[in-house]
Amino acid sequence: MSGDETKPDGNEMAPRAVLVCINRRFRGDQPSCAARGSEALADAIAAGIAARNIRVKLERSICMGQCTKGPTVRFAPGGRFNLGTNLEDVPILLDELEALCGVADDDDGVPMHLLGS
Ligand code: FES
């Protein structure tokens, strides 16, 4: 993961989603995130979010215009690009997401009095 190529935008809101580009180009000689393993990366991030109960959703994304530097991961809305992300980066990403988004408690579901009888 390259921290040099992030684009800080000053947005302090917690991300609602983490986007992972899974675009694969038809021409094999052109770069794409899927050709660099982004599908496995998306699966690993999704599994980590579920295991930690992090309050964020993973979205498998179309191309984000960073094809030569992928796999591309971005926090949304308006977050920085994480470029060249690989499976070794997943724990760091999950730590960051957990710090920004928090984790759901068992109490985060629908209140019992609204469930009816
Ligand atoms: S193919 Fe992933 S950013 Fe373009």
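pLDDT is the predictor's confidence in each residue, on a scale from 0 to 100. The structure discussed here is a predicted model, and its mean pLDDT is 86, with 79% of the residues reaching 70 or more. Among the elements of the protein, helix α1 has the highest mean pLDDT, at 98, and strand β4, residues 81–82, has the lowest, at 94. Residues 2–9 call for separate treatment: pLDDT stays under 50 throughout this stretch, for which the model has 11 contacts beyond four places in sequence.

The protein contains 2 helices and 4 strands. Read from the N terminus, these elements follow the order β-α-β-β-β-α. Of the contacts between residues at least 6 apart in sequence, 71% join residues that are at least 24 apart. Buried residues account for 29% of the 117 residues in the protein.

The interior may be considered next. In soluble globular proteins, nonpolar side chains tend to be buried together. In this model the largest nonpolar core has 20 residues, and V18, V20, I45 and L97 are the members that touch the most others. Two or more residues of this core come from each of β1 (17–21), α1 (38–52), β3 (73–76) and α2 (90–101). I45 shows how such a residue is surrounded: apart from neighbours within four places in sequence, I45 is in contact with V18, V20, L58, V90 and L93.

The two helices also meet each other. Two packed helices are described by the angle between their axes and the distance between the axes. For α1 and α2, the axes come within 10 Å and cross at roughly 45°. Because of that angle, α1 is oblique to α2. The residues that make the contact are A44, I45, G48 and R52 on α1, together with V90, L93, L94 and E98 on α2. The crossing of the two helices, α1 and α2, is right-handed. I45 thus appears both in the core and in the contact between the helices.

A44, which belongs to helix α1, offers a second view of this region. Beyond its neighbours within four places in sequence, A44 is in contact with L87 and V90. A44 is classed as partly exposed because 19 other C-beta atoms lie within 10 Å, whereas a buried residue requires 20 or more. The C-alpha atoms of A44 and N86 are 10.0 Å apart, although these residues are 42 apart in sequence.

After α1 the chain enters the loop between α1 and β2, where N53 is located. N53 has a positive phi of about 65° although it is not a glycine. Most residues other than glycine have a negative phi, and most peptide bonds are trans. With 13 other C-beta atoms within 10 Å, N53 is partly exposed. Strand β2, residues 57–61, follows and includes K57. K57 is likewise partly exposed, since 14 other C-beta atoms lie within 10 Å. From K57 to I45 the C-alpha separation is 9.8 Å, and the two residues are 12 apart in sequence.

The loop between β2 and β3 holds two residues that deserve attention, P71 and T72. P71 is joined to G70 by a cis peptide bond, with omega about 0°. T72 is buried, because 26 other C-beta atoms lie within 10 Å. Leaving aside its neighbours within four places in sequence, T72 is in contact with C21, C33, M64, Q66, F81 and L83. T72 and N23 are 49 residues apart along the chain, and their C-alpha atoms are separated by 9.8 Å.

A second cis peptide bond joins A76 and P77, with omega about 5°. P77 is placed in the loop between β3 and β4, and A76 lies within the residue range of β3, 73–76.

Terms used:
Residues are numbered from 1 along each chain as its sequence is written. This is a predicted model: local features need pLDDT of at least 70, side-chain atom pairs count only at pLDDT 80 or more; totals for chains, interfaces and linings use all residues. A nonpolar core is a set of buried Ala, Val, Leu, Ile, Met, Phe, Trp, Tyr and Cys residues joined through C-beta atoms within 7 Å. A residue is buried if 20 or more other C-beta atoms lie within 10 Å of its own, exposed if 12 or fewer, and partly exposed in between; C-beta atoms are placed from the backbone. Two residues are in contact if their C-beta atoms, placed from the backbone, lie within 7 Å. Axes are lines fitted to C-alpha atoms, for helices over the stretch in contact, and angles run from 0 to 180 degrees between N-to-C directions. Angles under 35 degrees count as roughly parallel, over 145 as roughly antiparallel, 65 to 115 as roughly perpendicular and the rest as oblique. A crossing is left-handed if the near helix is turned anticlockwise from the far one by less than a right angle, and right-handed if clockwise.
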